[in-house]
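Here is a short guided walk through the structure shown below. Keep the model open beside the text and follow along at your own pace.

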Amino acid sequence: MEKINCYLCGSSNHNKIILKWNNVKTNEQFKIVDCDCGFKYLNPRPTNLEMGEYYNTLDYHPHAQGKGIVYYLFNLSRKITYRWKLNIIKNQISGIINHLDYGAGDQSFVQYLIKRGIDSSSYDEFYQHAKNDSILDRKFNAITLWHSLEHIHDLDKLFSQLDLLLDKGGKLILAVPNFNAPERKYFNDTWKAYDVPRHIYHFDSYSLDRLLDIKGFKIIKRKRMILDTIYISLLSKGSSLSYVRLFYIIIKSIFDVIIKGPRFSSSLLYVCEKNS
């Protein structure tokens, strides 16, 4: 375990602890803290070397092949969103697409693109079955990080790599869980988007804006991710919560996202490009 300072402002001070979570299997306690600047992050956190063990578990859906309604809905939502994500890429890139999926997991999105004639490569540090493509000597005009940014220990290294990998005029498209998601207040400590300790950063739209500005990216477009509201709510349901109440939470949260806009979506989806 390692203690860290706030990545955005460098401070070691935080004004409160948002969540304490006990890992029964390993007898560890993790804390999400709120920095004086407003950024939320895990502190202390497992080191990069220690983190691998938390991904090699059957209950981590992006890496697992399970059964049941939640896994079925997870796989169904992925199939629906893959077409939508491809359309986002096509709308941003004119001509031939050279795509990299950073944090690609089981590479299913990459395989989806390849089957549709897209030149797509993958990289994932923590997926134990990853077959990482050689990417260091290439340039890409579209790089996606689908729920990857919140996992990455060394953000300086990541953005240095992105600077080298992203072609001039290329687009960076990323999605992260939104700490200001409307459904979070209904689930308290059971909100699955906390995903402690795998999620080491907890962004809202303002801290994500600030990070991208620091790293020299301008935001071209923000988009809502409605299906994430449904999926995260289903995952967050505890045994004491009725399905009637769950249905109310989902409908109310979706309504809030539609009315309030992308900054209050359950997940934040940004299309960015490097400042010239």
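Asp204 caps the N-terminal end of helix H6, with a side-chain oxygen 3.1 Å from the backbone nitrogen of Tyr206. Such a polar contact is a pair of N or O atoms within 3.5 Å; within protein, one must be able to donate a hydrogen and the other to accept it, and residues adjacent in sequence count only if both atoms are side-chain atoms. Helices (H or I, at least four residues) and strands (E, at least two) are DSSP runs, numbered from the N terminus.

Before going further, please note that this is a predicted model, in which local features need pLDDT of at least 70 and side-chain atom pairs count only at pLDDT 80 or more, while totals for chains, interfaces and linings use all residues. Residues are numbered from 1 along each chain as its sequence is written, and side-chain values use heavy atoms, leaving out hydrogens and water.

**Around helix H6**

H6 covers residues 205–214, and its buried residues include Ser205, Leu208 and Leu212. Buried means under 20% relative accessible area, exposed means over 50%, and partly exposed lies in between (1.4 Å probe, protein chains only). What do the buried residues of H6 pack against? Their partners are helix H4 (155–165) and the strands S7 (166–177), S9 (217–223) and S10 (267–274); contact here means heavy atoms within 4.5 Å. After H6 comes Gly216, which has a positive phi near 85°.

**Strand S7 and its neighbours**

S7, one of those partners of H6, is itself mostly covered, as nine of its 12 residues are buried. Strand S6 (residues 140–146) runs parallel to S7, and six bridges join them; two strands pair if DSSP finds at least two bridges between them. In this pairing, Ala142 is found opposite Lys171 of S7. Together, S6, H4 and S7 build a right-handed β-α-β unit. Right-handed says that, with the strands pointing away from the viewer, the path from the first strand over the helix to the second runs clockwise.

S7 also pairs with S10, this time in the antiparallel sense and over seven bridges. Here Val176 sits opposite Leu268 of S10.

**The open sheet**

Now turn to another set of strands. Four of them form an open antiparallel sheet in the order S1-S2-S3-S8. At its edges are S1 (14–23) and S8, each pairing on one side only. S1 is joined to S2 (residues 28–35) by eight antiparallel bridges, and Lys16 has Asp34 in S2 as its bridge partner.

**Backbone details in the loops**

Two cis peptide bonds and two positive phi values can be found in loops. The table gathers them.

| Place | Value | Loop |
|---|---|---|
| Asn43 to Pro44 | cis, omega near -5° | Pro44: between S3 (40–42) and H1 (48–51) |
| Val196 to Pro197 | cis, omega near 0° | Pro197: between H5 (184–187) and S8 (201–202) |
| His147 | phi near 55° | between S6 and H4 |
| Asp195 | phi of about 40° | between H5 and S8 |

Neither His147 nor Asp195 is a glycine. Are these two residues buried or partly exposed? His147 is partly exposed, with a relative accessible area of 25%, whereas Asp195 counts as buried at 15% relative accessibility.
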